[in-house]
Amino acid sequence: MPRYEYRCRTCGDTFELSRPMAESSDPAACPSGHDDTVKLLSTVAVGGSASAPAPRASGGGGGCCGGGCCG
């Protein structure tokens, strides 16, 4: 089940909740009992380098994206 991070506007604490995606935007009370919370935008770290493109397979044997039929 996905985890979502929220911040309480009353006390400033951040907290996480595990809940179904369909409920990710539902109201969430902070652990201190305050109801004025906002869901934070989470970022996902992915390995690799953004500065260099991934190597492409050459030749291959089929498909339009192999470079033989697109033009």
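# Exercises on a three-stranded predicted model

Aspartate 36 and arginine 9 form a salt bridge in which the closest N and O atoms are 3.7 Å apart. The exercises below concern a predicted model, and each is followed by a worked solution.

## Exercise 1. Salt bridges

Determine how many salt bridges the whole structure contains, and state which parts of the chain the pair of aspartate 36 and arginine 9 ties together.

Solution.

Step 1. A search of the whole structure returns 2 salt bridges. As a general principle, side chains of opposite charge can pair when their charged atoms come close.

Step 2. The cut-off between a side-chain nitrogen of Lys or Arg and a carboxyl oxygen of Asp or Glu is 4 Å. For aspartate 36 and arginine 9, the closest N and O atoms are 3.7 Å apart. Aspartate 36 belongs to the loop between β2 and β3 and arginine 9 to the loop between β1 and β2, so the pair ties together parts that are 27 residues apart in sequence. Aspartate 36 is partly exposed, since its relative accessibility is 37%.

Step 3. Arginine 3 and glutamate 16 also form a salt bridge, with 2.9 Å between the closest N and O atoms. This pair links distant parts of the chain: arginine 3 is in strand β1 and glutamate 16 in strand β2, 13 residues apart. Glutamate 16 counts as partly exposed because its relative accessibility is 44%.

## Exercise 2. Strand order and pairing

Derive the arrangement of the strands, and identify which of them are edge strands.

Solution.

Step 1. The chain has 0 helices and 3 strands. Along the sequence, the pattern is β-β-β.

Step 2. The strands form an open sheet with the order β2-β1-β3 and antiparallel pairing. Strands β2 and β3 are the edge strands, each pairing on one side only. From one strand to the next, the twist averages 35°.

Step 3. Between β1 and β2, the antiparallel pairing extends over 5 bridges. Arginine 7 has threonine 14 in β2 as its bridge partner. Glutamate 5 stands opposite glutamate 16 in β2.

Step 4. The hairpin of β1 and β2 has 5 residues between the strands, and there glycine 12 adopts a positive phi near 85°.

## Exercise 3. The nonpolar core and tyrosine 4

Establish which residues make up the largest nonpolar core, and trace the contacts of tyrosine 4.

Solution.

Step 1. The largest nonpolar core has 6 residues: Tyr4, Tyr6, Cys8, Phe15, Ala28 and Cys30. Strand β1, residues 3–8, gives the most to this core, with 3 residues. In soluble globular proteins, nonpolar side chains tend to be buried together.

Step 2. Beyond its neighbours within four places in sequence, tyrosine 4 contacts Phe15, Glu16, Leu17, Arg19, Pro20, Met21, Ser24 and Lys39.

Step 3. Among these partners, serine 24 is placed in the loop between β2 and β3. Serine 24 is buried because its relative accessible area is 10%, under the 20% limit. Not counting residues up to four places away in sequence, serine 24 touches Tyr4, Tyr6, Arg19 and Lys39.

Step 4. Proline 20 also lies in the loop between β2 (14–18) and β3 (37–39). With 34% relative accessibility, proline 20 is partly exposed. Outside the four nearest places in sequence, proline 20 is in contact with Met1 and Tyr4. The C-alpha atoms of proline 20 and tyrosine 4 are 9.6 Å apart, at a separation of 16 residues along the chain.

## Exercise 4. Cysteine sulfurs

Decide how many disulfides the model contains, and explain why the sulfurs of cysteine 11 and cysteine 30 are not bonded.

Solution.

Step 1. A disulfide is a covalent bond between the sulfur atoms of two cysteines. The cut-off applied to the sulfur pair is 2.5 Å.

Step 2. For cysteine 11, the closest cysteine sulfur is that of cysteine 8, at 3.5 Å, which is too far for a bond. Cysteine 11 is partly exposed, with a relative accessible area of 34%.

Step 3. For cysteine 30, the closest cysteine sulfur is again that of cysteine 8, at 3.7 Å, also too far for a bond. Cysteine 30 is buried, its relative accessible area being 4%.

Step 4. The count is therefore 0 disulfides under the 2.5 Å cut-off.

## Exercise 5. Whole-chain totals

State what percentage of the chain is buried and what percentage of the contacts join residues 24 or more positions apart.

Solution.

Step 1. Of the 71 residues in the chain, 13% are buried.

Step 2. Among contacts with a separation of 6 or more, 28% involve residues 24 or more positions apart.

Key. Residues are numbered from 1 along each chain as its sequence is written. This is a predicted model: local features need pLDDT of at least 70, side-chain atom pairs count only at pLDDT 80 or more; totals for chains, interfaces and linings use all residues. Side-chain values use heavy atoms; hydrogens and water are left out. Helices (H or I, at least four residues) and strands (E, at least two) are DSSP runs, numbered from the N terminus. Buried means under 20% relative accessible area, exposed over 50%, partly exposed in between (1.4 Å probe, protein chains only). Contact means heavy atoms within 4.5 Å. A nonpolar core is a set of buried Ala, Val, Leu, Ile, Met, Phe, Trp, Tyr and Cys residues joined through side-chain atoms within 4.5 Å. Two strands pair if DSSP finds at least two bridges between them. Axes are lines fitted to C-alpha atoms, for helices over the stretch in contact, and angles run from 0 to 180 degrees between N-to-C directions.
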